[in-house]
Amino acid sequence: MLLNIFRVLKRKIPNYAIHHLFGASDSFIFARMFLFALLYHAIPLVGTVFVMTLNRMATPFNIIIVTIVVLAILFAITSVVYNRFRVQFSQGLRRE
C-alpha cells in the first residue's frame, strides 16, 4: 500500500506543477500531497483500530502508536515525492 501511494503521488506531479505554476506556495502543495496520502490511508487506519477493538487491544497507547507510525510513514513518503517534485520543477517541468 505504501508503494502504491508513492506511485500515485509520483504520477500526480504534473498536476502539482500546474498549481505551483499558478502561484501555489510550497507549503500548500506539500499539505495537499500529505492530506491526499492521509485520506488514502484513512480507511485502513479505521480498519486497524476496529480489528484492535475486536481483539481487545485498543488501548489509548496502542491507538496512539499506530496513528504516529502511520503519520510518520506518510510524512516520509510525501517528503520523498515532494523532493522529486522540486527537482523536476526546477528542471523546467511544464504541462502544456
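Arg84 is partly exposed, with a relative accessible area of 38%. In this predicted model, Arg84 sits in helix α5. Setting aside residues up to four places away in sequence, Arg84 touches Phe6, Lys10 and Ile13. Phe6 and Lys10 fall within α1, which covers residues 2–11. Ile13 belongs to helix α2, residues 13–21. The C-alpha atom of Arg84 is 15 Å from that of Ser27, and the two positions lie 57 residues apart in chain numbering.

Now step back to the whole chain. The secondary structure comprises five helices and zero strands. Read from the N terminus, the order is α-α-α-α-α. The radius of gyration is 16 Å, well over the 12 Å that the globule rule gives for 96 residues, so the chain is more spread out than a compact globule. The C-alpha trace spans about 55 × 20 × 15 Å along its principal axes.

Burial and contacts fill in the outline. Of the 96 residues, 24% are buried. Among contacts with a separation of 6 or more, 81% link residues 24 or more positions apart. The chain exposes about 6500 Å². Carbon and sulfur atoms supply 69% of that area.

Start the walk at the first two helices. How do α1 and α2 cross? Their axes come within 5 Å, at an angle of roughly 45°. The two helices are therefore oblique to each other, since the angle falls in none of the roughly parallel, antiparallel or perpendicular ranges. On the α1 side, the contact is made by Leu9, Lys10 and Arg11. On the α2 side, Ile13, Pro14 and Tyr16 take part. Lys10 thus appears again, having been listed among the residues that Arg84 touches.

Which residues of α2 are buried? They are Ile13, Tyr16, Ala17 and His20. These four cover an arc of only 110° around the axis, which puts them on the same side of α2. The spacing fits a general rule. An α-helix has 3.6 residues a turn, so residues three or four places apart point the same way. What does this side of α2 pack against? The buried residues of α2 pack against α1 (2–11), α3 (26–40) and α5 (60–90). Ile13 is one of the residues in contact with Arg84. Just after α2 comes Gly23, with a positive phi of about 100°.

Next comes α3, residues 26–40. Asp26 is found in this helix. Its relative accessible area is 32%, which makes Asp26 partly exposed. Neighbours within four places in sequence aside, Asp26 is in contact with His20, Tyr82 and Arg86. His20 is one of the buried residues of α2. Tyr82 and Arg86 lie within the range of α5, residues 60–90.

Further along α3 is Ala37. Is Ala37 buried or exposed? At 1% relative accessibility, Ala37 counts as buried, because the cut-off for burial is under 20%. Beyond its neighbours within four places in sequence, Ala37 is in contact with Ile5, Leu9, Leu74 and Thr78. Ile5 and Leu9 fall in α1, while Leu74 and Thr78 fall in α5. Leu9 also takes part in the contact between α1 and α2. The C-alpha atoms of Ala37 and Thr78 are 7.5 Å apart, although 41 residues separate them along the chain.

Then follows α4, which holds Val49. With a relative accessible area of 24%, Val49 is partly exposed. Its C-alpha atom is 9.1 Å from that of Asn62, 13 residues away along the chain. Asn62 falls within the range of α5.

The loop between α4 (42–54) and α5 contains Arg56. Arg56 has a phi near 55°, a positive value in a residue other than glycine. Arg56 counts as exposed, at 77% relative accessibility, because the cut-off for exposure is over 50%. How far is Arg56 from Asp26? Their C-alpha atoms are separated by 42 Å, with the two residues 30 positions apart along the chain.

The path ends back on α5, residues 60–90. Here Arg84 has its place, in contact with residues including Phe6 and Ile13.

Note on methods. Residues are numbered from 1 along each chain as its sequence is written. This is a predicted model: local features need pLDDT of at least 70, side-chain atom pairs count only at pLDDT 80 or more; totals for chains, interfaces and linings use all residues. Side-chain values use heavy atoms; hydrogens and water are left out. The radius of gyration is taken over C-alpha atoms; the globule rule is 2.2 Å times the number of residues to the power 0.38. Buried means under 20% relative accessible area, exposed over 50%, partly exposed in between (1.4 Å probe, protein chains only). Contact means heavy atoms within 4.5 Å. Accessible areas come from the Shrake-Rupley method with a 1.4 Å probe; for residues, only the protein chains shown count as cover. The arc is that of the directions from the helix axis to the C-beta atoms. Axes are lines fitted to C-alpha atoms, for helices over the stretch in contact, and angles run from 0 to 180 degrees between N-to-C directions. Angles under 35 degrees count as roughly parallel, over 145 as roughly antiparallel, 65 to 115 as roughly perpendicular and the rest as oblique.
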